[in-house]
Amino acid sequence: MIRVLFLVICLASAAIGGVYDSKPIPKRKRHTVTDFIYPYFEVMAGVEKITTKIKTESYTHWYHDKKLDEMVYDEDLYYDIYSFNGAGPNIEAKLGVQLIKHVAFFLNLGLAWPIGSSHYKYYSLDKEEYIDRGYIYQPFFGVGTKVYPFVQWLPVLDGIFIGASLIRTYANGSWEDYGMTYDNHEDGYKLEAGHLWNITGHYFIGITANMASYSCSTSDAYSHNAFGIGQNPTRPPDESKTKVYGISLTVVFK
Amino acid sequence: MIKLSESTKILYRMLAFSWLALCCTSCEPVDDGYGSYAYYWTTLCAYKPDSVDGMEIHVTYQADNSVWADSATWTAKRNNRDYKSLDHDNVCLECGDKCEDIFPSSKGNKISVDITFECDDKTIALPTFVIDKSIINWGDDRIKFRFVELDERNIHGAYTVETFIPPEDTSCGKFVNYAVLRLP
């Protein structure tokens, strides 16, 4: 009898508990693309230091020393030697999408106009060197990605990011004035790292340090291979590198 | 022994003829503009330095006892050769059928190139350049040389520098960079 009474009490308790404690099962939320993908927009303005070195190794290694008027054989002979050393401002915009707040993919578009000196030398053994001082304009574009690894994980490091882009940059091609046949665009990559701070809502402001490396080749415009007198297009540059180091103020909408 | 029907035989014959026809066309030497007998052809071109008024190239082809010569001159007023190969001040001499006649049966082939420059009514001679067995693998290579002032920045195409032939008489200039370039 006691057992039956105990069973009745238990069932009654369970029924009462079920009535008062049960909550309606929430409806399962339907996710849309906009829950994972957000628009991403970034503008940067900063300064950069740039160095460019391009030269082609001699194939014959014979050099005509015009001062002594004699032929000199030099294993380390180079020709069409161009270099630029300068620094100046740059601006850049990035437009793309951000995935699950961690990764952004974007298109880059920017312009740099460093001030410095361009050096032109026909042969490495030449005493004569031509120097032009002034601005060079370097528009560039590319595609890139940026990762915010600590978002929603470590609040202290929330704003840290790293990024990489593939870039094509256009030089002014001033070497053509000196009979050099290098292409007027360079291809390469750009790496960046920095920190953002949330200002309000979707707006962030921060600082970005970046480093880029580009190289160019011989212009297709001089791609004739038959023997002839004229500008020498057949050999690619032995050394072609542009290094850029910069720092920028960054504003992001994401 | 397999017996083939008449129609099958015809089909096989047609296939055989087609194969032969295709082989004949594909085995034809590539026509590179010099004809198919190019082994002993020579093309020699001399480029005039800017600082001289005229130039002459004289070439002697020697095969054992057979000797044949040809020459071409370049002057500001006229060029006696119709064949000016490029857009520059140059004269070219080609030896085609004649070289094919005299060189293959000979054992001692030799080509001598003499170039002279003219300036201010003076004529100066450059050292004779001799193409012989030490330079050319006769019969395997088409012989192509260019004589030009060497400035690597201003010459395109593949070549190797054979030697320099500056004149001993420097009354028209030293021309230390006047080079003999061999083309592949």
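**Strand composition, salt bridges and surface patches of a two-chain model**

At a relative accessibility of 33%, A:A193 counts as partly exposed. The model described here is predicted. A:A193 belongs to strand 10 of chain A. Leaving aside residues up to four places away in sequence, A:A193 touches A:F161, A:I162, A:I207, A:T208 and A:A209. For one of these contacts, that with A:I162, the C-alpha atoms are 4.2 Å apart in space although the two residues are 31 residues apart in sequence.

Chain A comprises 1 helix and 13 strands. From the N terminus on, its elements follow the order α-β-β-β-β-β-β-β-β-β-β-β-β-β. Of the 254 residues in chain A, 40% are buried. Among the contacts of chain A with a separation of 6 or more, 69% are between residues 24 or more positions apart. The accessible surface of chain A amounts to about 14900 Å², and carbon and sulfur atoms contribute 65% of this surface.

Chain B contains 2 helices and 11 strands. Along the sequence, the elements of chain B are arranged as α-β-β-β-β-α-β-β-β-β-β-β-β. Buried residues account for 41% of the 184 residues in chain B. Of the contacts in chain B with a separation of 6 or more, 59% join residues 24 or more positions apart. For chain B the accessible surface is about 10400 Å², with 51% belonging to carbon and sulfur atoms.

Over all chains, the structure holds 9 salt bridges. Side chains of opposite charge can pair when their charged atoms come close. One of the salt bridges joins the side chains of B:R153 and A:D80, with an N to O distance of 2.4 Å. This pair crosses between chains: B:R153 is in the loop between strand 8 (143-149) and strand 9 (155-156) of chain B, and A:D80 is in strand 4 of chain A. B:R153 has a relative accessible area of 8% and is therefore classed as buried, the cut-off for this class being under 20%. A:D80 is also buried, at a relative accessible area of 3%.

Within chain A, A:E192 forms a salt bridge with A:K94, and the closest N and O atoms are 2.2 Å apart. A:E192 lies in strand 10 and A:K94 in strand 4 of chain A, so this pair ties together parts that are 98 residues apart in sequence. A:E192 is buried, with a relative accessible area of 5%, and A:K94 is buried, with a relative accessible area of 1%. Both residues also belong to a network of salt bridges that links A:E42, A:K94, A:K146 and A:E192.

A further salt bridge is made by the side chains of A:R168 and A:D187, at 2.8 Å from N to O. The two residues are 19 residues apart and link distant parts of the chain, with A:R168 in strand 9 (residues 160-170) and A:D187 in strand 10 of chain A. A:R168 is partly exposed, with a relative accessible area of 28%. A:D187 is likewise partly exposed, with a relative accessible area of 34%.

Two surface patches were identified on chain A. A nonpolar patch of about 1100 Å² is made by A:F41, A:V43, A:V47, A:L95, A:W197, A:I199, A:Y203, A:I205, A:I207, A:I247, A:L249 and A:V251. At least two residues of this patch come from each of strand 1 (37-57), strand 10 (185-200), strand 11 (203-215) and strand 13 (239-253) of chain A. A:I205, one of the patch residues, lies in strand 11 of chain A. A:I205 counts as partly exposed because its relative accessibility is 31%, which is above the 30% that patch membership requires. A:I207, another residue of the patch, is among the residues touched by A:A193.

The second patch is negative and consists of A:E57, A:E75, A:D76 and A:D238. A:E75 is placed in the loop between strand 3 (70-73) and strand 4 (78-99) of chain A. With a relative accessible area of 49%, A:E75 is partly exposed.

Definitions and conventions
Residues are numbered from 1 along each chain as its sequence is written. Chains are lettered from A and ligands numbered from 1 in the order in which they are written. This is a predicted model: local features need pLDDT of at least 70, side-chain atom pairs count only at pLDDT 80 or more; totals for chains, interfaces and linings use all residues. Side-chain values use heavy atoms; hydrogens and water are left out. Patches are made of residues with over 30% relative accessible area and no salt bridge: like charges are joined within 9 Å, nonpolar side chains (Val, Leu, Ile, Met, Phe, Trp, Tyr) within 5 Å. Accessible areas come from the Shrake-Rupley method with a 1.4 Å probe; for residues, only the protein chains shown count as cover. A salt bridge is a side-chain nitrogen of Lys or Arg within 4 Å of a carboxyl oxygen of Asp or Glu. Lys and Arg count as positive and Asp and Glu as negative; His and the chain ends are not counted. The place of a charge is taken as NZ of Lys, CZ of Arg, CG of Asp or CD of Glu. Helices (H or I, at least four residues) and strands (E, at least two) are DSSP runs, numbered from the N terminus. Buried means under 20% relative accessible area, exposed over 50%, partly exposed in between (1.4 Å probe, protein chains only). Contact means heavy atoms within 4.5 Å.
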